[in-house]
Amino acid sequence: MRDQEAERFAAMLRRSAELKQGLATQTPLVLAIVDACERTLRNGGKLIFCGNGGSAADAQHLATELVIRLRGAVPRPSWPAITLALDTSAVTAAVNDFGVDEMFSRPLLGLGRAGDVLFGITTSGKSPNVLGALKTAREMGIVSVGLLGGDGGPALPLCDLSIVVPDKETARVQECHITLGHAILTLLEDRMVGA
């Protein structure tokens with residue numbers, strides 16, 4: 001039993017590493033996302049994040065890295081970023097009054113502006129409320145970035161820029177999404193502070 005668990009553990013780590021190594025081929029997309037984020041921040045816009053469950057936690061995590069700080073050794077101002085999943089009153093009111101599909105799109109209508117960047121994070125590419133936010137972003141002139149999983153699902157054509165983690169196991173996809181998020185924000189921070 002313990003030998004099987006040990007092999008399963010090692011297999012999980014190997015798969016996570018393989019997926020991340022595969023993402024290294026996505027450099028042009030990553031740099032295009034960094035370009036969009038830099039342009040937005042330099043023009044007075046903000047970065048907006050949304051996702052469900054673990055992806056909601058990733059959305060909150062990445063927004064916090066911008067508002068507070070990513071690296072303690074890099075002095076910089078706070079940058080405008082929000083997550084649409086954080087305000088429980090707004091989330092529950094949107095679900096109650098408009099339905100779960102508009103849980104993110106409704107607040108986006110009030111908080112988003114043309115030229116902002118929306119990160120839609122979904123491990124399946126099928127989350128109805130993330131799809132709704134991506135559609136709303138397109139209608140509003142907000143740049144949409146997808147951090148997706150599997151084959152990208154119906155979210156893929158709704159994104160201006162997207163990176164798909166080609167796996168169906170939620171945990172492995174989420175591990176890659178937070179790694180991608182940290183890499184994107186590190187490159188963004190380097191550009192913004194001139195490091």
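Angles between helix axes under 35 degrees count as roughly parallel, over 145 as roughly antiparallel, 65 to 115 as roughly perpendicular, and the rest as oblique. Keep that in mind for the helix pairs below. This is a predicted model, in which local features need pLDDT of at least 70 and side-chain atom pairs count only at pLDDT 80 or more, while totals for chains, interfaces and linings use all residues. Residues are numbered from 1 along each chain as its sequence is written, and side-chain values use heavy atoms, with hydrogens and water left out.

Let's start with helix H2, residues 27-42. Helices here are DSSP runs of H or I with at least four residues, strands are runs of E with at least two, and both are numbered from the N terminus. The 16 residues of H2 should span 22 Å at 1.5 Å a residue, and its end C-alpha atoms are indeed 22 Å apart; the expected span is 1.5 Å times one less than the number of residues. Just after H2 comes Gly44, with a positive phi near 85°.

Which residues of H2 are buried? They are Val30, Ile33, Val34, Ala36, Cys37, Glu38, Thr40 and Leu41. (Buried means under 20% relative accessible area, exposed over 50%, and partly exposed in between, with a 1.4 Å probe and protein chains only.) These buried residues pack against strands S1 (47-51), S3 (117-122), S4 (143-149) and S5 (161-165), and against helix H7 (170-193). Contact means heavy atoms within 4.5 Å.

Zoom in on Cys37, which sits in H2. Cys37 is buried, with a relative accessible area of 0%. Not counting residues up to four places away in sequence, Cys37 touches Leu47, Val117, Phe119 and Leu188. Of these partners, Leu47 is ten residues from Cys37 in sequence and 7.1 Å away in space, C-alpha to C-alpha.

Now for how H2 meets H7. Their axes are 9 Å apart and the helices pack at an angle of about 50°, so H2 and H7 are oblique to each other. Axes are lines fitted to C-alpha atoms, for helices over the stretch in contact, and the angles run from 0 to 180 degrees between N-to-C directions. H2 passes H7 in a right-handed crossing; a crossing is right-handed if the near helix is turned clockwise from the far one by less than a right angle, and left-handed if anticlockwise. On the H2 side the contact includes Val30, Cys37 and Leu41, and on the H7 side Leu180, Ile184 and Leu188 are among the residues involved. By class, this contact has eleven nonpolar, no polar and four charged residues. (Ala, Val, Leu, Ile, Met, Phe, Trp, Tyr, Cys and Pro count as nonpolar, Asp, Glu, Lys and Arg as charged, and the others, Gly among them, as polar.)

H7 has another helical partner in H1, residues 2-23: the two axes come within 10 Å and cross at roughly 45°. That makes H1 oblique to H7. The crossing of H1 past H7 is right-handed. H1 brings Met12, Arg15, Ser16, Leu19, Lys20 and Leu23 to the contact, and H7 brings Arg172, Glu175, Cys176, Thr179 and Leu180. Those residues divide into five nonpolar, two polar and four charged.

Finally, look at helix H3, residues 54-67, whose 14 residues should span 20 Å, in agreement with its end C-alpha atoms at 20 Å apart. Its buried residues, including Ala59 and Leu62, pack against S1, S2 (81-83), S3 and H7.
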